[in-house]
Amino acid sequence: MSTDVAQPRAPAGRPDGGQFAGTPPPARPAAMGDHDVELPPLTDTEYNEHGSYGYPPAPRSAGQHLLFWFRQVHVPEDVLLRVQAEYSRIRNLERVAARITAEEGHTGVIEGQKKRGPKHSCETPRDMIACMDRADLAERARAPMHLWTIDVRPIVLAERAYASALQLPEDERSVVHEFRIPVAQLQREITVLEAREIFNLKERCGEALRPVDLASRLDELLRQSGG
């Protein structure tokens, strides 16, 4: 008995047939973790596509990192609003604290001079007010008291880019730190590092920098309305 396996003839459909067609190789089942399967490398744009403001991709280079933060990511509107409001609130508290510190310092000086006698008491209430005003001006000069609306987004992005660049090697991190952004209210460009030092959003607006999910926001509004 013949053991030959019938093979299709090529071309098909003719009684006299023709040459035998080659036998196709058996299909190879796909397997997870198959080391023979290699995906093409992702461009930086593709790598960044699935990242978000709250869940950014792990930085793999300064170029990819800056592309994500300054060209691709969407900053939630509620983050911008809350950062702008919180920054103004904290800066006003810092200004008041500077005046109080100056007042307390001069009160101590006056009390000490009174104990030494009238001829040594050269500090007057007017001097104290002048000192408090100088402290106020110095505090205002240290950093802007408010964030212009046009500047909020780039300053927030600079803070986020600075914070998440910590995973990069030092040389790549330096490239991120030296990246420049325009700040209209300062009438100049500043680096990411300067933005951290001047505005210091991490300390002044820490919680406001975090995106709020819709459910949490609705719960907060209900609590405020007494519902």
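The largest pocket encloses about 180 Å³ of space. The model in which this pocket appears is a predicted one. The residues that line the largest pocket are Gly 54, Arg 160, Gly 206, Leu 209, Arg 210 and Pro 211. Sorted by class, this lining comprises two nonpolar, two polar and two charged residues. Leu and Pro count as nonpolar, Arg as charged and Gly as polar.

The chain around this pocket may be considered next. The protein chain contains nine helices and four strands. Followed along the sequence, these elements appear in the order β-β-α-α-α-α-α-α-β-β-α-α-α. Two strands therefore come before a run of six helices, and two further strands are followed by three helices, where helices and strands are DSSP runs numbered from the N terminus. Of contacts in the protein chain between residues at least 6 apart in sequence, 61% link residues at least 24 apart. The chain has 227 residues, and 32% of them count as buried. The area that the protein chain exposes is about 15500 Å², with carbon and sulfur atoms supplying 57% of it.

Two residues may now be examined in turn, beginning with Arg 204. This residue belongs to helix 8, which covers residues 201-204. Is Arg 204 buried or exposed? Its relative accessible area is 6%, so Arg 204 is buried, the cut-off for that class being under 20%. Leaving aside residues up to four places away in sequence, Arg 204 touches Glu 86, Tyr 87, Ile 90, Arg 91, Glu 94, Arg 142, Ala 143, Ile 198 and Phe 199. Ile 198, one of these residues, also contributes its backbone oxygen, which lies 3.1 Å from a polar atom of the side chain of Arg 204.

Gln 167 is the second residue to consider. Where along the chain does Gln 167 lie? Gln 167 is found in the loop between helix 5 (149-164) and helix 6 (170-177). With a relative accessible area of 58%, Gln 167 is exposed, because that class requires a value over 50%. Once residues up to four places away in sequence are set aside, Gln 167 touches Ala 58 and Pro 59. A further relation concerns Ser 61: Gln 167 and Ser 61 are 106 residues apart along the chain, and their C-alpha atoms are separated by 9.7 Å.

Taken together, the two residues differ in exposure: Arg 204 is buried, whereas Gln 167 is exposed.

How values were computed: Residues are numbered from 1 along each chain as its sequence is written. This is a predicted model: local features need pLDDT of at least 70, side-chain atom pairs count only at pLDDT 80 or more; totals for chains, interfaces and linings use all residues. Side-chain values use heavy atoms; hydrogens and water are left out. Buried means under 20% relative accessible area, exposed over 50%, partly exposed in between (1.4 Å probe, protein chains only). Contact means heavy atoms within 4.5 Å. Accessible areas come from the Shrake-Rupley method with a 1.4 Å probe; for residues, only the protein chains shown count as cover. On a 1 Å grid over the protein atoms alone, a cavity is a set of points where a 1.4 Å probe fits but cannot get out, and a pocket is an open set with protein on both sides within 12 Å along at least five of seven lines; lining residues have an atom within 4 Å of a point. Grid points are joined across faces, edges and corners, and a volume is the space filled by probe spheres set on the points. A polar contact is a pair of N or O atoms within 3.5 Å; within protein, one must be able to donate a hydrogen and the other to accept it, and residues adjacent in sequence count only if both atoms are side-chain atoms.
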